[in-house]
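User: Please take a close look at one part of this model and explain, in connected prose, how its pieces fit together.

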Amino acid sequence: MTTPHGTLFLRCMAWWEAEIVNRPWWMLALTLVATVYCTLYTMEHLTVDTDTADMISIELPFQQNRLRLEKAFPQDVSTILLVVKGATPEQTTQAVEFIGAQLHKEKQVVKSVYLPGSGDFFDRHGLLYLDLPELENISSQLANAQPFIGRISNKPSLDGFFGILGDALKMSGSLDNSASQRLSANDLPLDLAPLLNKIGASLDRNLAGQNGLLSWQQLMMHQKSGFGITERFVIITPRLDFTALLPAEKPMAAVQRIGAMAADGRFGAIELRTTGEVVLEHEELDSITQGTAAASVASMILVFVTLLIGYRSPKLVIATVVTLSIGLVFSLYFATVAIGHLNLISIGFAVLFIGMGDAYSSHFCLRYRELLDRGMTQRESLLETLSSTGSALILCTFTASMGLFAFLPTNYVGVSELGIIAGVSMFIALGTTFTVLPALLKVMPLRQPKKPRHGESRYLAKLMGNWPLTYAKQVRWITYGSAVGAAILLQGLQVDFSPINLRDPNSESVKTFKYLLQSEDTSPMTLASLARTPEEARTRQKRFEQLGTVKKVTTLLDFVPEDQEQKLALIEDMGLILGGQLERFPARIDGKPTPAGVKALLAAAEEGLRKDRKDADRNTLETFRDRIKQLDEKLAGLDEAAQLALLQRVQDNLMGALPQTIARLRNNLNADAITLNNLPPDVRERWLSSDGWYRMQIFPKKDGNDLDALREFIAEAQTVDANVTDLPVTYLESMNEVVRAFVQAFSIALITITVILLLVLRNVRDTLLVLLPLLLAGLFTAATTVLLQVPFNFANIIALPLLFGLGVDSGVHMAHRLHYLHAQNEKSLFSTSEAKGVFYGTLTTVFSFSSLAFTPHAGTASMGELLAIGLLFTLICALVVLPAFSVLGRKAADSTTP
């Protein structure tokens, strides 16, 4: 490499000296005005695009399939999924209906609210959705409940219930299901053992001052806990404000406020969790903005401290930080004008710019400091610094920007936008380094040493020497072995295509999403297939259900139950037996409980224990007797008012849900035949689009957290319908496109940078030397991901192409300096300004990116981690490997090579 020369260069130098060196205050004043304007404009116009779907080109086939699904069923796009979990089905239902009613009032921030399984239709037709054997069992059990319902109707109080229970306890025999028929004569149609256990558990909570509602729905309907029973969904379509930094902030606040009201104890112990596309993106953007803001501050501090150590001058550090800040403002202004927004990847650009931009200032300032120490005047030092570093910095700008611009032709829109911003910012950083930085150095001159300084350089030279040149052969052999080992490790490369794994794993939305993935009935990782006719939907449904990876397939046709004639006949028989009793049942249990009722039940339990029973039944009854005795003793120590309050709470907890269960059963007995035409509109519109598409929802059999299982699930489903879509396909195909974009960008960057180096250096040897650290660093970085078990994902996969843009600078500067070392047989490799610039410049960049590794957003953290690792490898390869290979074929170096 040679120093730039020629008429054009001389003219540029003359202008630079006249306008920058001689008139620094004018330059700084103009820069200040421009900075203020750009700051105000950017703050007013720059937005953030949080839609992850926009990260990949929408022209791709899988994106078109997704858009077709979203157009057909827009109510499922951009929703909030609220998971409501109660102790009993009754409490869960009450909480869900309360939340739905409250959200319907929030018209300004909520478009619609959908409560799956709720409403008059399901209250009336719920029994028809049971399997026929299950309905037959419930019919038989409810027939036995007639006397019990009649007795409670006549005496709707805790005393009445305890009286019926006491009569059952006095009987001999088993407490299990085989005795339930015989116990019906005593008006208790339920299995005693589970009933006693549930009553006892409720009493324990009441004695501890808590509520413990007894679920009659679970007892009489033999229902277990789980989704659809004690866990229900509320699906909310919010009104998003995309002009705000957090578009879902107001709807989320409304959901949280209403959720807090539902969980305040009025419906017992209610647990609420939120997830869904809107919540995931809201929490992701929140964590990214907070994380990157903190990372930017940490990055600036680390850069400041590192530069202070390297420069040994606060003035140089201040000049560098000011120059970086101004360059960042100009770069964000460009992003505002050229693109108008930042996406979830380019939002971390500030840290990226600090990491890249400080390298320019580092080389300029270190060279300037080196020349001052040699005894040059300030003017001479500035002129010589521009002359000696200008060509290398300009070349680095072009090569670095090419590495960033390489993503422009790809379909990875999210990174291509980052490439545009970062690529142009390299030229902005170069411009501020040649204008703002020297102007600041002119108005904040360093104190000139009284005599030239060489001691420190000699000390560093003795400390480190030229050992990469002295032991070049050994370094090369170590490099060969490491490269072979790294190439072998590449066979274990992994790719994580789930964006969920990029988000903060401790956020509520991510934890809830992964919780839902564990169940085959609630997994959000379902697939969707669209059919034009019911016949096509049924045929394709059967083919999907034959696949080994598919648990079930749901369509609109499944909302028309099978065996309706037989089920309706059973329901009609239940109506004939129970109808009158249900109609007369009170709307609430409002009888006055007394301590006498408790004593009577205690006496009945004692009498029951004197009967001949199995050990298991005796243990159950003894435990129940002890709990009733505790209640009796508790009442004995209270005054009359306190006794009434405690008994009222016990009555509310044991009997309070019974009227709701009876009312639900009464509605169920009014069921009639279900057809496609009389299904509720909110159900039909979610399964049959306005333009005639029948939707099939395909549920995976395996855990959706297993990415290999998801790949297999998608592959098998595509054998039935090549256009199958929804989240798993979008995630997988997006990652495939990202990998293709990476390969394409990597190839473009490599070819473009190679061509630029060949044109400028006009030397194949120097070009290969500059590229060597980049290729080795990329190889070692990829191998490290295998060792650390860090798979490539949507965020960190951009690290390797970025290394071309960031790491080429080190190769250029070191190759430049090695020319002089080999030509003059110098032995001061590590004490040169170029080596120091590479070391401190790369180190500040590493610190800058490593700060991202501590952000809560897993994707941003993995990107920072991988870039930091890659740059460390680049630094090692540039300072150690490149010099070792530079002596190959040079006779002059033979004397220094063992």
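Analyst: The count of disulfides (pairs of cysteine sulfur atoms within 2.5 Å) comes to 0. This is a predicted model, in which local features need pLDDT of at least 70 and side-chain atom pairs count only at pLDDT 80 or more, while totals for chains, interfaces and linings use all residues. Residues are numbered from 1 along each chain as its sequence is written, and side-chain values use heavy atoms, with hydrogens and water left out.

Turning to the sheet, its 4 strands (DSSP E runs of at least two residues, numbered from the N terminus) form an open arrangement in the order β3-β4-β2-β5 with antiparallel pairing, where a pair needs at least two DSSP bridges. At the edges, β3 (110-114) and β5 (271-275) each pair on one side only, and neighbouring strands are turned by 20 degrees against each other on average, direction ignored. Strand β2 (80-85) is joined to β4 (231-238) by 6 antiparallel bridges, and L82 has V234 of β4 as its bridge partner.

Helix α4 (89-104; helices are H or I runs of at least four residues) lies across β2, β3, β4 and β5 and runs at about 10 degrees to β4, with angles taken from 0 to 180 degrees between N-to-C directions of axes fitted to C-alpha atoms, for helices over the stretch in contact. Helix α12 (249-262) also packs on the sheet, where it touches β2, β4 and β5 (heavy atoms within 4.5 Å), and its direction makes about 10 degrees with that of β2.
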